[in-house]
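Open the model in your viewer and keep the selection tool at hand. The tour goes from one selection to the next and says what is there.

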Amino acid sequence: MRITGIFLLAICLGITAKTVSQTVTLSVRDVPVQQVFEVVKKQTNYSIFYDKDLLADARLVTIKARDTPLQEFLSIVLKNQSFDFYIEHTTIFIRKKPEVSQTSIIKTENIPPELPLVTGVITNTEGKPLIGVNILVNGTGKGTAADEEGRFTVSALNGQVLAFSSIGYVSQEVPVTSTTINIRLEAELKSLNEVIITALGIPRSAKSLRTMVRRSPNSESVAPA
């Protein structure tokens, strides 16, 4: 009995191995897919289940295969069909391919490319970092400000113009030609027409005071400007 049991086990293992390693050899041109299925059933002893209506619009099959594994063979045969397959034990089931929802298709051509980052450092003429300088990408309304170390990062395309401005400094506009832009801002010169408080406490402009001096350099009294 023990020997008989071992013998039966060996037979079962042999059958299993044979089932797993099924191959198909076929060379046909422009034949119905049903005909291919019949060949598969004869060569593999597998059953094939399908709905006839599903194969109504099936394309003709052309294939040349020799000792091709079953799953690989079926994948080639059904590659351009509206249906596919799955295998359970020794049965092949033919099913309709799942439809892909249009909303699940991501159209990459409609996704704008990510803008490159432009970085840099803003300093004064002495090389000291300037804090809070405004950086604006002209024509976009987008921008940023320099941090406590004068550093900034902004998204901009090559060719766009960055405008740098800060109170007390001369503004600059720089076209983007690389991903690193370092800026040195110059302090604004004080206007010669700024208001000056005279010794009498009367606000005068520097221009008016100079005019009075030229008109009466040795005068003891100063005429109103």
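Strands are DSSP runs of E with at least two residues, numbered from the N terminus. With that numbering, select H89, which is found in the loop between β4 and β5. The model is a predicted one, and H89 has a positive phi there of about 60 degrees although it is not a glycine. Most residues other than glycine have a negative phi. Is H89 buried or exposed? The cut-off for exposed is over 50% relative accessible area, so H89, at 76%, counts as exposed.

**The whole chain**

Now show the chain as a cartoon. How many helices and strands does the chain have? There are four helices and 14 strands. Of its 225 residues, 25% count as buried. The accessible surface of the chain comes to about 16400 Å², and carbon and sulfur atoms hold 55% of that. Take the contacts between residues at least 6 apart in sequence: 46% of these join residues at least 24 apart.

**Helix α2**

Select residues 33-44, which make up helix α2. The helix has twelve residues, and at 1.5 Å a residue it should span 16 Å. Its end C-alpha atoms are 16 Å apart, so the expected span and the model agree.

Which residues of α2 are buried? They are V33, V36, F37, V40 and T44. These residues cover an arc of only 100 degrees around the axis, which means that they sit on the same side of α2. To see what covers them, add the strands β1 (23-31), β2 (47-49), β3 (61-69), β4 (83-88) and β5 (91-96), together with helix α3 (70-77), which are all included in the cover.

Step just past the end of α2 to N45, where phi is positive, at about 65 degrees.

**The nonpolar core**

In soluble globular proteins, nonpolar side chains tend to be buried together. The largest nonpolar core here has 23 residues. Select F73, I92 and I94, the members that touch the most other members of this core. The elements that give two or more residues to the core are β1, α2, β3, α3, β4 and β5.

Keep F73 and look around it. Leaving aside neighbours within four places in sequence, F73 is in contact with V24, L26, V36, V40, I63, A65 and T68. Two of these names, V36 and V40, were also among the buried residues of α2.

A second, separate core has 17 residues, including V133, I135, V137 and F152. Select those four to find it.

**Two residues of strand β3**

Return to T68, which lies in strand β3. Is T68 buried or exposed? Its relative accessibility is 10%, so T68 counts as buried. Again without the neighbours within four places in sequence, the contacts of T68 are Q22, T23, V24 and F73.

D67 also has its place in strand β3. Its phi is near 50 degrees, a positive value in a residue other than glycine.

**Aromatic rings**

A pair of aromatic rings is described by the distance of the centres and the angle of the planes. The structure holds four aromatic pairs. Select F49 and F93: their rings are stacked, 6.0 Å centre to centre, with 20 degrees between the planes. This pair links distant parts of the chain, as F49 is in strand β2 and F93 is in strand β5, 44 residues apart.

Add Y86. Its ring is stacked with that of F93, at 5.1 Å centre to centre and 15 degrees between the planes. F49, Y86 and F93 form one aromatic cluster. Two members can be checked for accessibility. F93 counts as partly exposed because its relative accessibility is 25%. Y86 is also partly exposed, with a relative accessible area of 31%.

**Last stop**

Select T180, in the loop between β11 (172-175) and β12 (183-185). With 46% relative accessibility, T180 counts as partly exposed. Now select L117 as well, and show the C-alpha atoms of both residues. How many residues apart along the chain are T180 and L117? They are 63 residues apart, and their C-alpha atoms are separated by 8.7 Å.

Note on methods. Residues are numbered from 1 along each chain as its sequence is written. This is a predicted model: local features need pLDDT of at least 70, side-chain atom pairs count only at pLDDT 80 or more; totals for chains, interfaces and linings use all residues. Side-chain values use heavy atoms; hydrogens and water are left out. Buried means under 20% relative accessible area, exposed over 50%, partly exposed in between (1.4 Å probe, protein chains only). Contact means heavy atoms within 4.5 Å. Accessible areas come from the Shrake-Rupley method with a 1.4 Å probe; for residues, only the protein chains shown count as cover. The expected span of a helix is 1.5 Å times one less than its number of residues. The arc is that of the directions from the helix axis to the C-beta atoms. Rings of Phe, Tyr and Trp (its six-membered ring) pair if their centres lie within 6.5 Å; planes under 30 degrees apart count as stacked, over 60 as edge-to-face and the rest as tilted. A nonpolar core is a set of buried Ala, Val, Leu, Ile, Met, Phe, Trp, Tyr and Cys residues joined through side-chain atoms within 4.5 Å.
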